[in-house]
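Please look over the sequence and the model below before reading on.

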Amino acid sequence: GVATGSTFENSFIGAYTSEARGIIFRDDTFSNNALYGLDPHTYSSQLTIDHVLAEGNHAHGIIFSDHVTDSTITNSVSRNNGENGIMMDELSTNNTIKGNKVADNTGDGLVTANSTDNTFTGNTVSGNRIGVRLSSSDSSTTKISGNQITCNGLASENATLDDSNTVTDNGGQWNQKVVFWIWSSVAAAVVLALLLLLIARHRKKRKKLRQAR
C-alpha cells in the first residue's frame with residue numbers, strides 16, 4: 001500500500017499499521033492528533049517513511065512500537081509534539097532513521113525503549129528535552145553518527161556520541177558563544193587594568209620630576 005501527499009489530522013491517531021509489510025508513506029502530514037501522528041505497530045516491517053511532517057500531535061510525532069523492523073524514516077520532520085519526536089519502542093529493531101529534523105518537542109528528540117540495533121544518522125536534533133535518549137540495554141548496539149545535536153536541555157542519555165556527531169550548546173555543556181563573550185570581557189578588563197596601571201605609573205613619575213625641580 002501507498003499513502004502519498006495525504007493529510008492525517010485531528011484524529012485519535014493519524015495513521016496506524018498492524019502486521020503490515022512494505023507500506024510507503026511519502027509527502028504526508030500528520031498533525032494535531034490526540035495521541036500519535038504516525039504509529040506503525042505490531043510486527044509491521046519493511047516500511048518506507050519519507051518526506052513526512054509530524055507536528056502538533058499530543059503524544060509522539062512518529063513511533064514504531066512492538067516488533068516493527070527493517071524500516072526507514074528519511075528526510076522527514078517531527079516537531080512541536082507533546083512527547084517525543086521519533087521513537088523506537090518495544091523490540092522495534094534494525095530500523096534506519098536518516099536525514100530527519102527533530103525539533104522543539106516537549107519530550108525528547110530521538111528515543112529508543114527496549115529496541116536494539118537501530119541506526120540514527122545525519123539527523124538534526126534541536127530544542128528538545130534530551131536530544132538522544134536510549135534505554136541502557138540499547139546503548140551498545142545503537143549506531144549514532146553524523147547527527148547535529150544542538151540546543152537541547154541535555155545532549156544525550158545512555159548514548160555515546162562520537163566525534164562524527166556535532167554536539168553544541170546543549171544543557172550541561174559549555175555554550176560556545178557565552179564562553180567567547182566571557183573571555184572577551186576578561187581580556188578587555190585585563191587590558192583596561194594594565195592601561196590604568198601604566199597611566200598611574202606615568203603620573204607618579206611626572207609628580208616626582210616636578211618635586212625634584
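The paragraphs below go from the overall form of the chain to its cores and then to three loop residues.

The model is predicted. The chain holds one helix and 22 strands. Its radius of gyration is 26 Å, whereas the globule rule gives 17 Å for 213 residues, so the chain is more spread out than a compact globule. The C-alpha trace spans about 105 × 35 × 20 Å along its principal axes.

Of the 213 residues, 41% are buried. The chain exposes about 11200 Å², and carbon and sulfur atoms supply 53% of that area. If contacts are limited to residues at least 6 apart in sequence, 47% of them join residues at least 24 apart. As for charge, the chain has 18 positive and 20 negative charges, and the mean positions of the two sets are 38 Å apart.

The interior comes next. The largest nonpolar core has 28 residues, and those with the most contacts inside it are Phe 25, Ile 62, Ile 73, Ile 86 and Leu 110. Strand S9 (62-65) and strand S12 (86-89) each supply at least two residues of this core. A second, separate core of seven residues includes Ala 59, Ile 63, Met 87 and Ala 113. Ile 86 shows the surroundings of one residue of the largest core. Beyond its neighbours within four places in sequence, Ile 86 is in contact with several residues, among them Ile 62, Ile 73, Ile 97, Val 102, Leu 110 and Val 111. The contacts of Ile 86 also include Ser 78, Asn 100 and Gly 109.

Two loop residues stand out by their backbone angles. Most residues other than glycine have a negative phi. His 67, in the loop between S9 and strand S10 (72-74), has a positive phi of about 65° although it is not a glycine. Its relative accessibility is 23%, so His 67 counts as partly exposed. Asn 158 is found in the loop between strand S21 (154-157) and strand S22 (166-168), and has a positive phi of about 60°. With a relative accessible area of 38%, Asn 158 is partly exposed.

The last residue is Gly 146, in the loop between strand S19 (143-145) and strand S20 (148-150). Gly 146 counts as partly exposed because its relative accessibility is 39%, which falls between the 20% limit for buried and the 50% limit for exposed. Leaving aside neighbours within four places in sequence, Gly 146 is in contact with Gly 122, Asn 123, Ser 164 and Asn 165. Gly 146 and Thr 166 are 20 residues apart in sequence, and their C-alpha atoms are 7.2 Å apart in space.

Conventions
Residues numbered from 1 in each chain as written. Predicted model: local features only at pLDDT ≥ 70, side-chain atom pairs only at ≥ 80, totals over all residues. Heavy atoms only, no water. Helix = DSSP H or I, 4+ residues; strand = E, 2+ residues; numbered from the N terminus. Rg over C-alpha atoms; globule rule 2.2 N^0.38 Å. Buried < 20%, exposed > 50% of the residue type's maximum accessible area, 1.4 Å probe, protein only. Contact = heavy atoms within 4.5 Å. Areas by Shrake-Rupley, 256 points an atom, 1.4 Å probe, with all protein chains shown as cover. Lys, Arg positive; Asp, Glu negative; His and termini not counted. Charge placed at Lys NZ, Arg CZ, Asp CG, Glu CD. Core = buried A, V, L, I, M, F, W, Y, C linked by side-chain atoms within 4.5 Å.
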